[in-house]
Amino acid sequence: MAVDYQITDVLPHVFYELAQSFGIGNSVEGRDICCGDLTALNVTETRTLLLGSAALRTHISTSFPLDVAELNNFDDFDTCSAVPSCRDADLKTFWRDLSEHVRDGDSPWTVLEDFGFFDDYTLCVHCRDVVETGLREYREGLWPRLPELFKLVS
(Lines give C-alpha, C1' and ligand atoms only; values in the text may rest on other atoms or scores of the structure.)
Protein backbone atom coordinates (compact mmCIF):
# COMPACT_ATOMS: atom_id res chain seq x y z
CA MET A 1 0.00 0.00 0.00
CA ALA A 2 2.87 2.38 0.81
CA VAL A 3 4.27 1.72 -2.68
CA ASP A 4 0.87 2.18 -4.34
CA TYR A 5 0.31 5.52 -2.62
CA GLN A 6 3.97 6.58 -2.91
CA ILE A 7 4.50 6.93 0.84
CA THR A 8 8.20 6.31 0.41
CA ASP A 9 9.26 7.53 3.86
CA VAL A 10 7.84 4.41 5.51
CA LEU A 11 9.25 1.88 3.04
CA PRO A 12 12.62 1.30 4.76
CA HIS A 13 10.88 0.55 8.04
CA VAL A 14 8.23 -1.63 6.40
CA PHE A 15 10.85 -3.70 4.59
CA TYR A 16 12.87 -3.95 7.82
CA GLU A 17 9.81 -5.33 9.65
CA LEU A 18 9.16 -7.78 6.83
CA ALA A 19 12.81 -8.85 6.88
CA GLN A 20 12.66 -9.34 10.65
CA SER A 21 9.57 -11.51 10.28
CA PHE A 22 10.40 -13.41 7.10
CA GLY A 23 14.02 -13.00 6.11
CA ILE A 24 16.62 -12.66 8.85
CA GLY A 25 16.57 -15.79 10.96
CA ASN A 26 17.02 -19.36 9.89
CA SER A 27 13.40 -20.21 10.62
CA VAL A 28 10.14 -18.33 10.93
CA GLU A 29 8.26 -21.30 12.34
CA GLY A 30 6.77 -20.41 15.70
CA ARG A 31 7.42 -16.68 15.30
CA ASP A 32 4.64 -14.15 15.63
CA ILE A 33 4.22 -12.77 12.15
CA CYS A 34 3.53 -9.05 12.39
CA CYS A 35 3.04 -8.22 8.80
CA GLY A 36 0.61 -10.71 7.26
CA ASP A 37 1.75 -12.81 4.34
CA LEU A 38 3.97 -12.00 1.43
CA THR A 39 1.41 -12.61 -1.32
CA ALA A 40 0.52 -8.90 -1.30
CA LEU A 41 4.02 -8.07 -2.61
CA ASN A 42 4.63 -7.78 -6.32
CA VAL A 43 7.78 -9.17 -7.96
CA THR A 44 9.77 -5.96 -7.52
CA GLU A 45 8.81 -5.64 -3.85
CA THR A 46 9.66 -9.31 -3.23
CA ARG A 47 13.06 -8.78 -4.86
CA THR A 48 13.60 -5.67 -2.69
CA LEU A 49 12.77 -7.72 0.39
CA LEU A 50 15.07 -10.61 -0.54
CA LEU A 51 18.05 -8.45 -1.50
CA GLY A 52 17.53 -6.15 1.49
CA SER A 53 17.23 -9.10 3.85
CA ALA A 54 20.53 -10.46 2.56
CA ALA A 55 22.20 -7.07 3.00
CA LEU A 56 20.70 -6.78 6.48
CA ARG A 57 21.97 -10.27 7.41
CA THR A 58 25.46 -9.24 6.27
CA HIS A 59 25.22 -6.02 8.29
CA ILE A 60 24.07 -7.95 11.38
CA SER A 61 26.79 -10.59 11.11
CA THR A 62 29.41 -7.86 10.80
CA SER A 63 27.95 -5.91 13.74
CA PHE A 64 27.44 -9.00 15.91
CA PRO A 65 30.46 -11.24 15.44
CA LEU A 66 30.32 -14.44 17.47
CA ASP A 67 33.66 -13.59 19.11
CA VAL A 68 33.50 -10.42 21.23
CA ALA A 69 37.19 -9.80 20.47
CA GLU A 70 36.18 -8.99 16.87
CA LEU A 71 34.06 -6.01 18.01
CA ASN A 72 35.28 -2.60 16.91
CA ASN A 73 34.64 -1.20 20.39
CA PHE A 74 36.09 -4.15 22.31
CA ASP A 75 38.56 -1.75 23.96
CA ASP A 76 35.59 -0.17 25.77
CA PHE A 77 35.59 -3.26 27.99
CA ASP A 78 39.20 -2.58 29.07
CA THR A 79 38.13 -0.38 31.97
CA CYS A 80 36.19 -3.22 33.61
CA SER A 81 36.88 -3.18 37.33
CA ALA A 82 35.34 -6.54 38.20
CA VAL A 83 37.54 -9.28 39.64
CA PRO A 84 37.83 -11.48 37.67
CA SER A 85 37.21 -9.07 34.82
CA CYS A 86 34.15 -9.59 32.68
CA ARG A 87 36.52 -10.24 29.76
CA ASP A 88 37.90 -13.22 31.65
CA ALA A 89 34.53 -14.41 32.93
CA ASP A 90 31.12 -14.28 31.20
CA LEU A 91 31.61 -11.57 28.57
CA LYS A 92 32.65 -13.91 25.77
CA THR A 93 29.80 -16.33 26.42
CA PHE A 94 27.32 -13.49 26.85
CA TRP A 95 28.34 -11.91 23.55
CA ARG A 96 28.30 -15.19 21.63
CA ASP A 97 24.79 -16.00 22.91
CA LEU A 98 23.50 -12.47 22.22
CA SER A 99 24.99 -12.55 18.72
CA GLU A 100 23.39 -15.93 17.98
CA HIS A 101 19.97 -14.58 19.00
CA VAL A 102 20.38 -11.44 16.88
CA ARG A 103 21.65 -13.44 13.89
CA ASP A 104 18.51 -15.60 14.21
CA GLY A 105 16.35 -12.49 13.84
CA ASP A 106 15.69 -11.41 17.42
CA SER A 107 16.02 -7.74 18.27
CA PRO A 108 18.95 -7.13 20.63
CA TRP A 109 16.66 -5.14 22.93
CA THR A 110 14.11 -7.95 23.01
CA VAL A 111 16.85 -10.37 24.00
CA LEU A 112 18.11 -8.11 26.79
CA GLU A 113 14.78 -6.88 28.15
CA ASP A 114 12.15 -9.51 27.41
CA PHE A 115 14.41 -12.53 27.82
CA GLY A 116 16.15 -11.05 30.90
CA PHE A 117 19.44 -11.90 29.24
CA PHE A 118 21.66 -9.97 31.65
CA ASP A 119 20.34 -12.11 34.51
CA ASP A 120 22.00 -15.21 33.08
CA TYR A 121 25.53 -13.75 33.07
CA THR A 122 27.83 -12.07 35.54
CA LEU A 123 28.70 -8.71 34.02
CA CYS A 124 29.63 -5.62 35.98
CA VAL A 125 27.66 -2.39 35.68
CA HIS A 126 30.34 -0.84 33.46
CA CYS A 127 30.28 -3.73 30.98
CA ARG A 128 26.47 -3.76 30.92
CA ASP A 129 26.61 -0.04 30.12
CA VAL A 130 29.11 -0.70 27.32
CA VAL A 131 26.78 -3.35 25.86
CA GLU A 132 23.72 -1.09 26.10
CA THR A 133 25.59 1.88 24.64
CA GLY A 134 26.87 -0.28 21.79
CA LEU A 135 23.37 -1.57 21.05
CA ARG A 136 21.94 1.94 21.11
CA GLU A 137 24.66 3.11 18.71
CA TYR A 138 23.98 0.10 16.49
CA ARG A 139 20.26 0.91 16.31
CA GLU A 140 20.88 4.62 15.73
CA GLY A 141 23.32 3.78 12.96
CA LEU A 142 21.11 1.13 11.37
CA TRP A 143 17.92 3.16 10.85
CA PRO A 144 19.51 5.76 8.51
CA ARG A 145 21.15 2.92 6.53
CA LEU A 146 17.90 1.04 5.84
CA PRO A 147 17.18 2.83 2.54
CA GLU A 148 20.67 1.90 1.34
CA LEU A 149 20.41 -1.72 2.54
CA PHE A 150 17.08 -2.19 0.78
CA LYS A 151 18.22 -0.24 -2.31
CA LEU A 152 15.43 2.31 -1.84
CA VAL A 153 17.63 5.29 -2.63
CA SER A 154 17.75 6.64 -6.17
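Start by selecting serine 99 and showing what surrounds this residue. Leaving out residues up to four places away in sequence, serine 99 touches Phe64, Pro65 and Leu66. Keep in mind as you look around that this is a predicted model. Serine 99 sits in helix H3. Is serine 99 buried or exposed? Its relative accessibility is 0%, so serine 99 counts as buried, the cut-off for that label being under 20%.

Now zoom out and colour the protein by secondary structure. You should find five helices and zero strands. Following the chain from the N terminus, the elements run α-α-α-α-α.

Next, select residues 11-22, which form helix H1, and residues 43-63, which form helix H2. Turn the view until you can see how the two pass each other: their axes come within 9 Å and cross at roughly 70°. Because angles of 65 to 115 degrees count as roughly perpendicular, H1 is roughly perpendicular to H2. Which residues make the contact? Show side chains for Phe15, Tyr16, Leu18 and Ala19 on H1, then for Glu45, Thr48, Leu49, Ser53 and Leu56 on H2. Colour this set by residue type and you will see six nonpolar residues, two polar ones and one charged.

Leave Leu56 highlighted, as this residue is also part of the next stop. The largest nonpolar core has 37 residues, and Leu56 is among those that touch the most other members. Add the others in that group: Phe77, Phe94, Leu98, Leu112, Leu123 and Phe150. Where do the core residues come from? The elements that give two or more are H1, H2, helix H3 (91-103), helix H4 (108-114) and helix H5 (125-149). Select H5 in particular, since you may like to know which helix gives the most to this core: it is H5, with eight residues.

From the core, pick out leucine 123 and display its surroundings. Setting aside neighbours within four places in sequence, leucine 123 is in contact with Cys86, Asp90, Leu91, Phe94, Phe118 and Arg128. Phe94 will be familiar from the previous stop, being another of the core residues that touch the most other members.

Finish with the whole protein, switching on a surface. The accessible surface comes to about 9200 Å², and 50% of it belongs to carbon and sulfur atoms. Of the 154 residues, 38% count as buried. If you draw contacts between residues at least 6 apart in sequence, 68% of them join residues at least 24 apart.

Notes:
Residues are numbered from 1 along each chain as its sequence is written. This is a predicted model: local features need pLDDT of at least 70, side-chain atom pairs count only at pLDDT 80 or more; totals for chains, interfaces and linings use all residues. Side-chain values use heavy atoms; hydrogens and water are left out. Axes are lines fitted to C-alpha atoms, for helices over the stretch in contact, and angles run from 0 to 180 degrees between N-to-C directions. Helices (H or I, at least four residues) and strands (E, at least two) are DSSP runs, numbered from the N terminus. Angles under 35 degrees count as roughly parallel, over 145 as roughly antiparallel, 65 to 115 as roughly perpendicular and the rest as oblique. Contact means heavy atoms within 4.5 Å. Ala, Val, Leu, Ile, Met, Phe, Trp, Tyr, Cys and Pro count as nonpolar, Asp, Glu, Lys and Arg as charged, and the others, Gly among them, as polar. Buried means under 20% relative accessible area, exposed over 50%, partly exposed in between (1.4 Å probe, protein chains only). Accessible areas come from the Shrake-Rupley method with a 1.4 Å probe; for residues, only the protein chains shown count as cover. A nonpolar core is a set of buried Ala, Val, Leu, Ile, Met, Phe, Trp, Tyr and Cys residues joined through side-chain atoms within 4.5 Å.
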